[in-house]
Amino acid sequence: CNRCGLCCHSKVKIGKRLWYLDLGSKCTFLSEDSTCSDYPQRFRLCPECRKLTLLRALTAEWLPPQCAYVQWAKRHHIRFSRRCEWVMALDETHIE
């Protein structure tokens with residue numbers, strides 16, 4: 001993990017191949033240094049929180065391309081998720 005924190009922001013799928021990442025909407029527990037402020041209890045406190053595993057890194061299309069797990073899987077030619085485009089913005093005004 002490169003602690004980008006992008007997996008802790010709201011995401012919306014638009015159509016079949018486009019994901020919108022709202023950089024203005026982050027998890028309540030995401031601290032300024034992109035770590036979880038209550039890591040041991042994150043799954044109980046935040047139902048939207050998903051555990052990142054190797055399998056999820058290989059297959060989850062909702063992980064942005066900047067994610068270190070995604071980059072590792074691509075380098076080893078084992079990324080199996082559908083190719084998607086990403087829009088990253090500070091609010092939802094870019095959703096069409």
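## The hairpin of S1 and S2

In this predicted model, strands S1 and S2 form a hairpin with three residues between them. Within that hairpin, Gly-15 has a positive phi near 70 degrees.

S1 covers residues 9-14 and S2 covers residues 18-26. The two strands pair in the antiparallel sense, and six bridges join them. One of the bridge partners can be named: His-9 is matched with Lys-26 in S2. In a regular strand, side chains point to one face of the sheet and then the other in alternation.

## The largest pocket

How much space lies in the largest pocket? The value is about 840 Å³. Its lining is made up of 30 residues. Those nearest the centre are Cys-7, Cys-8, Cys-49, Arg-50 and Leu-52. Three elements each give two or more residues to this lining: S1, S2 and helix H3, which spans residues 68-75.

Which element gives the most to the lining? That is S1, with three residues. Both strands of the hairpin therefore also appear in the list of elements that line this pocket.

Sorted by class, the lining holds 16 nonpolar residues, seven polar ones and seven charged ones.

## The second largest pocket

The second largest pocket holds about 230 Å³ of space. Among the residues that line this pocket are Glu-61, Leu-63, Pro-65 and Val-70, along with Lys-74, Arg-79 and Trp-86. The run Ser-81, Arg-82, Arg-83 and Cys-84 is also part of the lining.

By class, this lining divides into five nonpolar residues, one polar residue and five charged residues.

Key. Residues are numbered from 1 along each chain as its sequence is written. This is a predicted model: local features need pLDDT of at least 70, side-chain atom pairs count only at pLDDT 80 or more; totals for chains, interfaces and linings use all residues. Side-chain values use heavy atoms; hydrogens and water are left out. Two strands pair if DSSP finds at least two bridges between them. Helices (H or I, at least four residues) and strands (E, at least two) are DSSP runs, numbered from the N terminus. On a 1 Å grid over the protein atoms alone, a cavity is a set of points where a 1.4 Å probe fits but cannot get out, and a pocket is an open set with protein on both sides within 12 Å along at least five of seven lines; lining residues have an atom within 4 Å of a point. Grid points are joined across faces, edges and corners, and a volume is the space filled by probe spheres set on the points. Ala, Val, Leu, Ile, Met, Phe, Trp, Tyr, Cys and Pro count as nonpolar, Asp, Glu, Lys and Arg as charged, and the others, Gly among them, as polar.
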